[in-house]
Amino acid sequence: MELWEIAHSRSGDKGNISNISLIAYEKADYELLKEKVTVERVKQWLGKQVKGEVKRYELPQLGAFNFVLYDALNGGVTSSTSLDKHGKSLSSFLLRMPI
Amino acid sequence: MKKIRIGSGAGYGGDRLEPALTLMEQGKLDYIGFECLAERTIALAQKEKKNHSEKGYNPLLEYRMEKVLPLAHKYKVKVITNMGAANPEAALEAICSIADRLNIKGMKVAAVLGDDVLDYVKNHRSLKIIETGKALSTIEDRIISANAYLGADGIVQALQNDADIVITGRVSDPALFLAPMIHEFNWEMDDFDKLGKGTLIGHLLECAGQVCGGYFADLRRKVVPDLWDIGFPFIEVDETGEGFISKVKETGGIINTATCTEQLLYEIHDPSSYLTPDCIADFSNVKFEAIAKDKVKFNKASGKPPTDTYKVSVGYHNGYYGEGQISYGGMDCLERAELASEIVKKRLKIFDFQDLSIDFIGMNSISPLEIEAFNVPEVRLRVSGRTETREQAQQIGRELETLYTNGPAGGGGATQTTDEVISVVSVLVPKTEIKTKIIYSYT
């Protein structure tokens with residue numbers, strides 16, 4: 001199973017920091033996400049893109065998590081030469097993680 | 001219990017206008033906020049002001065106000081916007097001259113000034129850059145602009161003085177929507193619980209279409225009706241700071257607990273400590289409940305006292321950006337593209353480029369994954385057309401770009417043109433060093 005089957009996601013940016021929400025469609029899947037989508041796995045899955053630390057915040061009442069990825073946007077939107085300077089597409093890539 | 005309605009008319013500087021007009025006509029609004037200023041746009045606006053002293057406000061200000069002013073006057077909707085960008089004074093004059101031309105009389109227009117702290121930062125070179133940890137003196141010769149994120153207080157003061165239109169420069173995005181609540185409900189500026197609730201509302205509204213199913217839809221699990229005609233959101237809130245979010249009937253899009261949750265977490269870090277100039281908002285216990293079609297109740301936001309500093313965005317000249325693209329197709333196209341890149345790299349060696357990056361769009365330009373398991377790893381939509389006027393041609397790029405906040409989920413990398421690089425870093429300046437000033441004019 002891939003993450004998109006049970007959860008949705010949106011990326012945002014602040015400077016060189018990316019934040020990616022991960023939200024279970026059914027709150028019953030929250031615990032599964034909590035167990036499987038750890039900071040270590042997120043960092044590993046997104047590979048070289050994320051040069052810094054990853055933090056995870058938990059919101060059980062919403063069935064949601066917020067991942068904050070430091071040094072993840074090639075310097076950020078005002079400096080990066082990347083095509084997707086905001087890292088807007090990272091959410092879609094996160095959702096392809098197998099669990 | 002007293003209730004007010006606040007709408008959102010724009011999610012970013014270049015957003016669509018029609019949904020805002022529909023909202024003003026049919027939303028029974030008391031206020032509408034247009035959030036139109038980002039970190040980068042303020043620096044670019046400052047640069048424009050340097051070249052043309054009468055400019056430096058949002059380039060769509062006139063386009064929007066032509067349509068917005070008559071509706072604001074007719075339906076008695078107060079308008080709050082940061083479209084003043086680097087030049088709120090000039091924006092105020094522009095608004096008054098549009099009103100004059102449209103023969104709209106009896107409106108009071110206010111401009112909130114004070115966010116421009118360029119002189120202050122130039123005299124305080126030891127201020128530490130948050131992103132690099134180095135002193136501001138390391139970029140001092142290249143600084144173009146410095147703008148503090150002001151809070152709601154200047155806007156509140158303008159509203160207390162009966163302003164109908166309030167135009168600001170840099171303020172925090174939620175402040176545009178929080179200010180009318182403080183004003184209408186007489187919330188104290190140290191009632192941080194209420195300010196936290198109002199900040200939640202501002203955060204839900206600030207990206208306009210995004211909470212109505214914009215930047216949300218996918219083909220399998222998140223179906224959004226009539227995304228092309230997405231409505232913009234409004235909230236109805238009472239003096240306790242709780243209420244619901246909805247949109248005008250018969251508009252496209254969708255509002256449900258999922259769209260609200262995505263927006264809640266959008267561009268925040270620790271949900272229990274969302275830093276704004278007015279409070280540190282706590283969204284960690286927020287709950288959403290769908291109470292009708294496209295109508296979601298929210299509660300349980302709270303807040304704590306803010307820090308004693310303002311975050312200041314410092315824009316500086318950071319070299320130039322150049323880009324070229326070429327496509328290869330058919331058999332061995334990737335190999336031919338790779339060969340081309342090798343040739344370019346060799347040719348460019350003499351110029352000693354730093355950070356020369358090479359992307360193969362459709363292969364790895366946006367994917368961070370180190371696997372090639374997908375049949376179509378990437379696809380890029382390109383729309384082009386031949387038109388008579390520059391304005392018309394620009395519209396194509398604008399329409400593609402508005403997919404960011406209004407289109408399907410996860411779209412990335414819209415490009416129009418590129419030029420000089422203006423980078424932005426942040427410093428913190430004590431609040432006691434920054435004074436706001438409000439000027440008024442009448443139509």
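A:R10 forms a salt bridge with B:E262, and their closest N and O atoms lie 3.1 Å apart. That pairing is a good place to start a walk through this structure, which is a predicted model.

**Where the chains meet**

The rule finds 1 salt bridge across the interface of chain A and chain B. Alongside that salt bridge, 20 residue pairs are in polar contact across the interface, with both partners at pLDDT 80 or more. Which elements of chain A supply at least two residues each to the side that touches chain B? They are strand 1 (7-14), strand 2 (17-24), helix 2 (39-46), strand 3 (54-59), strand 4 (64-69) and helix 3 (90-94). Strand 1 gives the most, with 7 residues. Sorted by class, this side of chain A holds 17 nonpolar, 16 polar and 9 charged residues.

Seen as a whole, the interface brings 42 residues of chain A into contact with 53 residues of chain B. The two chains bury about 4000 Å² between them, with 59% of that area on carbon and sulfur atoms. On the chain A side, A:R10, A:T78 and A:L83 lose the most area to chain B, and together they account for 22% of what that side buries. So A:R10, the salt-bridge partner of B:E262, also appears among the residues of chain A that lose the most area.

**Two helices of chain B**

Now to chain B itself, where two helices can be set side by side.

| Helix of chain B | Buried residues |
|---|---|
| Helix 7 (residues 175-185) | 11 of 11 residues |
| Helix 8 (residues 192-205) | 13 of 14 residues |

Why is helix 7 described as largely enclosed by the rest of the structure? Because 11 of its 11 residues are buried. Among them are B:F177, B:M181, B:H183 and B:E184. Helix 7 is followed by B:N186, whose phi is positive, near 55°.

Helix 8 is mostly covered. From its first C-alpha to its last, helix 8 reaches 20 Å, close to the 20 Å expected at 1.5 Å a residue.

**A proline in a loop**

Elsewhere in chain B, B:P59 sits in the loop between helix 2 (39-51) and helix 3 (61-75). Is B:P59 buried or exposed? Its relative accessibility is 70%, so B:P59 counts as exposed, the cut-off being over 50%. B:P59 and B:S426 are 367 residues apart in sequence, and their C-alpha atoms are 25 Å apart in space.

Definitions and conventions. Residues are numbered from 1 along each chain as its sequence is written. Chains are lettered from A and ligands numbered from 1 in the order in which they are written. This is a predicted model: local features need pLDDT of at least 70, side-chain atom pairs count only at pLDDT 80 or more; totals for chains, interfaces and linings use all residues. Side-chain values use heavy atoms; hydrogens and water are left out. Buried means under 20% relative accessible area, exposed over 50%, partly exposed in between (1.4 Å probe, protein chains only). Helices (H or I, at least four residues) and strands (E, at least two) are DSSP runs, numbered from the N terminus. The expected span of a helix is 1.5 Å times one less than its number of residues. Contact means heavy atoms within 4.5 Å. Buried area is the accessible area (1.4 Å probe) that two parts lose on being put together, summed over both. A salt bridge is a side-chain nitrogen of Lys or Arg within 4 Å of a carboxyl oxygen of Asp or Glu. A polar contact is a pair of N or O atoms within 3.5 Å; within protein, one must be able to donate a hydrogen and the other to accept it, and residues adjacent in sequence count only if both atoms are side-chain atoms. Ala, Val, Leu, Ile, Met, Phe, Trp, Tyr, Cys and Pro count as nonpolar, Asp, Glu, Lys and Arg as charged, and the others, Gly among them, as polar.
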